[in-house]
Amino acid sequence: MSSIKLKFLKSTNSLIVLLISILGFSSSCRKEEQKYMYGSPHASFIITGKVESAATNTMIPEIIVEMREVRNSQDEQPATSTLVATSFSSSYSGSYYLLNTTTPDDKTYQIKFIDIDGALNGEYETLDTTVVFTKPKFKGGDGSWDYGNIDQELNVKLKPKK
């Protein structure tokens, strides 16, 4: 009697496995199923430009350029800023390049130009300015979670220290 029970249980288990595998394959082959994506939507915010002397209109090399993202808080706290990129103005053209890849919404950046090399290339005052991206129009995205990039040119003239 126990061998009949054993054969019955084995055949029942085989039948259950067969049914589950058929049902599993048929439900996983739907064409209208949504793709699963991991990560978050993102875009690149690019700021480029040149650093010149206000007195001589010549390019200034070796200026540190800092890019800070400004975040306004919701609860009457003061706005905070986070350093997101730094660059040096190049030694030949005085140009710089800043890049921040983040969520694709309105952004405000504080850009700070700092002369740290002393009298080597002349001494210049620090300059703070703000760049705002409101309702940005991105280009070059893949139509999915990569929104592409937006760029802005910011040429500045630094005043010599007195």
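Which residue forms a salt bridge with Glu69, and how far apart are the closest N and O atoms? The partner is Arg71, with the closest N and O atoms 3.5 Å apart; a salt bridge here is a side-chain nitrogen of Lys or Arg within 4 Å of a carboxyl oxygen of Asp or Glu. The structure is a predicted model, in which local features need pLDDT of at least 70 and side-chain atom pairs count only at pLDDT 80 or more, while totals for chains, interfaces and linings use all residues. Residues are numbered from 1 along each chain as its sequence is written, and side-chain values use heavy atoms, with hydrogens and water left out.

**Overall architecture**

- The chain contains one helix and nine strands, where helices (H or I, at least four residues) and strands (E, at least two) are DSSP runs numbered from the N terminus.
- Read from the N terminus, the order of elements is α-β-β-β-β-β-β-β-β-β.
- Of the 162 residues in the chain, 26% are buried; buried means under 20% relative accessible area, exposed over 50%, and partly exposed in between (1.4 Å probe, protein chains only).
- Taking contacts between residues at least 6 apart in sequence, 66% join residues at least 24 apart, a contact being heavy atoms within 4.5 Å.

**Surface**

- The accessible surface of the chain is about 11500 Å², and carbon and sulfur atoms account for 55% of this surface; accessible areas come from the Shrake-Rupley method with a 1.4 Å probe, and for residues only the protein chains shown count as cover.
- Leu15, Leu18, Leu19 and Ile22 make a nonpolar surface patch of about 390 Å².
- Patches consist of residues with over 30% relative accessible area and no salt bridge, with like charges joined within 9 Å and nonpolar side chains (Val, Leu, Ile, Met, Phe, Trp, Tyr) within 5 Å.
- Leu15, one of the patch residues, is found in helix H1 (residues 2-28).

**Strand E1 and its partners**

- Nine of the 12 residues of E1 are buried, which leaves the strand mostly covered.
- E1 and E4 run antiparallel and are joined by eight bridges; two strands pair if DSSP finds at least two bridges between them.
- E1 also runs parallel to strand E8 (residues 146-153), with six bridges, and parallel to strand E9 (residues 156-158), with three bridges.
- Ile46 stands opposite Leu99 in E4 and has Asp151 as its bridge partner in E8.
- Ser53 has Leu158 as its bridge partner in E9.

**Aromatic pairs**

- The whole structure holds six aromatic pairs; rings of Phe, Tyr and Trp (its six-membered ring) pair if their centres lie within 6.5 Å, and planes under 30 degrees apart count as stacked, over 60 as edge-to-face and the rest as tilted.
- Phe45 and Phe133 form an edge-to-face pair, at 5.2 Å centre to centre and 65° between the planes.
- This pair links distant parts of the chain, with Phe45 in strand E1 (residues 42-53) and Phe133 in strand E6 (residues 127-133), 88 residues apart.
- Phe45 has a relative accessible area of 0% and is buried, and Phe133 counts as buried at 4%.
- Tyr96 and Phe113 are likewise edge-to-face, at 5.5 Å centre to centre and 75° between the planes.
- Tyr96 lies in strand E4 (residues 95-102) and Phe113 in strand E5 (residues 107-115), so the pair ties together parts 17 residues apart in sequence.
- Both Tyr96 and Phe113 are buried.
- One aromatic cluster is formed by Phe45, Tyr109, Phe133, Phe138 and Tyr147.

**Salt bridges**

- Five salt bridges are found in the whole structure.
- In the Glu69–Arg71 salt bridge, Glu69 is buried at 4% relative accessible area, whereas Arg71 is partly exposed at 39%.
- Lys139 and Asp151 meet in a salt bridge at 3.5 Å, N to O.
- Lys139 lies in strand E7 (residues 139-140) and Asp151 in strand E8, so the pair ties together parts 12 residues apart in sequence.
- Lys139 is partly exposed at 48%, and Asp151 counts as partly exposed at 43%.
- Glu69, Arg71, Asp105 and Lys107 are joined into one network by salt bridges that share partners.
- Arg68 forms a salt bridge with Glu66, with the closest N and O atoms 3.8 Å apart.
- Arg68 is partly exposed at 27% relative accessible area, while Glu66, in strand E2 (residues 63-71), is buried at 17%.
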